[in-house]
Amino acid sequence: MREQPGGRRVKLPPVAIAGIIVFALCGIALFIRVYFPYDSVFSDGSVWFKGADPWYHMRLVENLIQHFPHRIYFDPYTFYPHGTVVGWPPFYDWIIAGAAWIIGLGHPSVHTVETVGAFTPAVLGTLTIIPVYFIGKELFNRWVGVISAAILVVLPSEFLSRSLLGFTDHHVAEVLFSTVTILFLIMAVKRAREREISFSHIINRDWAVIKKPLIYTLLAGIFLGIYFLTWVGAIMLLFIIFAYLGIQFIVDHLRGKSTDYLCIVAVLTFAIAFIISIPFLPKTATGTISWVSLIIAIFVPLGLSGISRFMAGKTFKPSYYPLALLAVAGVGLLIFWAIDPSLLHSMLDKFRIFIPREAGGLTIQEARPLDITMAWSNFTTAFFIAFIALGLLIYRAVKERSTDKALFLVWCIVMLVAVFAQRRFCYYFAVNAALITGYFSWRVLDFAGLGKLLTKPREIVKTYTTKKKKKKAKEKVSEKRFLQPRATWIKVIGAGIAIFFLVFFPSICPGQGFSFGKLEACASRGPVAVDPDWNSALVWLRENTTEPFDDPDYYYQLYDFPPRADHGFEDYDYPETAYGIMSWWDYGHWITRIGRRIPIANPFQQAAPIAGKFLTSQNETTANQIMDELGAKYVMSDYAMPIYKFYAMVTWADKNESDFYDVYYAPAEGGELQPVRLFYPSYYNSTVVRLYNFNGQAVAPSENATIVISYREQVDRQGMWYKEITSSRSFSTYEEARDFVASHAAENYRIVGVDPFNSPVPLDKLEHYQLVYASSSPYPVKVFEYTE
């Protein structure tokens, strides 16, 4: 509120108040994303990116800067000896490289590029708050938008962790551009439905009617195209829009309504997205899937509309329309399958994102199904409130026959299914959860009377027609607002406090001292950065091993695709000087970006099975055969590989964990059973254990290190089987223990070890592996050279 000359007070309009609040929320969001992780990202004069994929994005950006705006789509610096197609579309890398190129006046330094890269996710994450506000405003009212934006700011979700300073991955851009696409699509559909635009309006160029819907359609198409240039899985959003179109076409046809407006908005949106994205989509299988999907998307609404018009003109029963669509869809799929079955299979394979992973896929943390613990960790109470709010929204959408709310509901429900299948989609669903919970919060506040308190007198007066009635209404409303019952204010304040503690407090509950609690913990922790030991090991590798391409500047070249083959592309034609680095796939991008060497396995999970087989192989002959076939020259390992990540190697190698170790229950004090993990001889014979735990040297078991246990299998109260240790005996030599077990073959006896670094079995020296580097820490990263 401000004063004019003469002492008259002028209130800020609601739109200005909402704008100020949203601007402040953006400032808070940027502060959270930058302040808490800052010291871990900018340290010792370097930029330490978080996670694995950000390092590869920066590898692409480094190369892009040299050839701007041309980016590589094939990279020989990973997945040796094949090289890999870079399936990631280029837009996210363009954002970073373009901003750095401008800031650096065409010649940005390495530090400038890395700094821009580090800040990009934080900025994009902050910008996402703006379309969230406008979606809330468009669907409901501006205060729902404000509340939803505030909820998104404080949710300690995957969206926050993936939009932190230093997590330079394209996930946050996916969320931003998909949300903006949905925003403009909601606005386009809403305006088109309100104005009942038809093909005749387009033909007659009735700009007064079609101008606004077409502008929003244009913007929806532009951002859909950008989304396709950001993520290889953009077909997911296409599926959401398809699902909505199918439902809305059927509903409109059954109600006898024209579907022209839907067809116009959909066709133009998909056509614009196709025009924008087609010149820049990678000339790869994923790029082909994208542009073919968009072409199909252009014609599907025409088909839906044409069938609707035909059946309406022929006076077919409206209930036949859904059956007709199913029949046409089935025929279309059969024709597609007959023309190109492999392409159809590849497109359908994209929908596996809605199916929980199996086997090796479950070792990828982000690909695991959502559980209650993870739901609470990401969304706190918002996740559970969402189900109540969805019920309210479905009721309201059906009652109002609202096309825009129907689109919003389809979007939310599909994303909810996706997040249950794979927790990675928590960063998408954060937007939906914020909007749904924002709507629920407003309903509570409105029920308490806030809506009436915020209603302008002129909005109520507008409903009256005559001057006399308007004058009376104005006086009555003003009097009521002035004499607003105190009870209403008390109810609104009480509801506000309840919403604060129910929705916001679980995310920002304070810890000790100055703290934002769960929110600060999420922002401070975030994804794991490169371990200093890994960094020093990779710097050593870069400086002390031979260049795989002779010329170190080859790292910055634009690489041509290898010749095409039936299965895709042939292997890259590497020079004789090239070689691979064997390690677990988690570390592949670090090896590429920091070490400037060629990993065999990488975080695309390429070569994960063969890496698992090598690292869990039980003899040197098998290990050497794999190294020779792959052309590997070095093996890198850290403490986590034989200890924390061994299960993943076993799983990817298609082996059973129970062949290497198992959990037994041993009696403790008081008679209670305590779980203990015991390791079998096959664990100690695994190549990764022999290399890292014992440096590839011969090992003789220490005195009493060889233990033989007996056990019995029991069933607990929940019907679960477990193994209970009944006796334990130490032997001075492995041979004695082996003979003892052999003499009790009919009984449950096993040779076990209790310490991964103290083998109960003798191990031969690995003759072809020499330790050439170990970082100086209690848990070093080690480099072994393989000699044929």
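Student: Which residue of strand 17 does Leu 771 stand opposite?

Tutor: First, a word on the model: it is predicted, local features need pLDDT of at least 70, side-chain atom pairs count only at pLDDT 80 or more, and totals for chains, interfaces and linings use all residues. Residues are numbered from 1 along each chain as its sequence is written, and side-chain values use heavy atoms, with hydrogens and water left out. Strands here are DSSP runs of E with at least two residues, helices are runs of H or I with at least four, and both are numbered from the N terminus. Strand 16 (residues 769-774) runs antiparallel to strand 17, joined by 5 bridges, and across from Leu 771 sits Phe 784.

Student: And on the strand 10 side, what stands opposite Ser 637?

Tutor: Strands count as paired if DSSP finds at least two bridges between them. Strand 10 (residues 632-637) pairs with strand 17 over 4 bridges, in the antiparallel sense. The residue facing Ser 637 in strand 17 is Lys 782.

Student: Which strands stand at the edges of the sheet?

Tutor: The sheet is open, has 4 strands with mixed pairing, and follows the order 9-10-17-16. Each edge strand has a single partner, so one side of it is left without a neighbour in the sheet. Those edges are strand 9 (580-582) and strand 16.

Student: Which helix packs on that sheet, and what angle does its direction make with strand 10?

Tutor: Look at residues 532-544, helix 26, which touches strand 9, strand 10, strand 16 and strand 17; contact means heavy atoms within 4.5 Å. Axes are lines fitted to C-alpha atoms, for helices over the stretch in contact, and angles run from 0 to 180 degrees between N-to-C directions. So, for helix 26 against strand 10, the angle is about 165 degrees.

Student: How many residues of helix 20 are buried?

Tutor: Helix 20 covers residues 426-448 and reaches 32 Å from first C-alpha to last, close to the 33 Å expected, that is, 1.5 Å times one less than its number of residues. Buried means under 20% relative accessible area, exposed over 50%, and partly exposed in between, using a 1.4 Å probe and protein chains only. Helix 20 is largely enclosed by the rest of the structure, because its buried count out of 23 residues is 19.

Student: Is His 253 buried or exposed?

Tutor: His 253 belongs to helix 12 (residues 235-254). Its contacts include Met 311, Pro 318 and Tyr 321. Its relative accessibility is 7%, so His 253 counts as buried.

Note on methods
Lists of a residue's contacts leave out its neighbours within four places in sequence.
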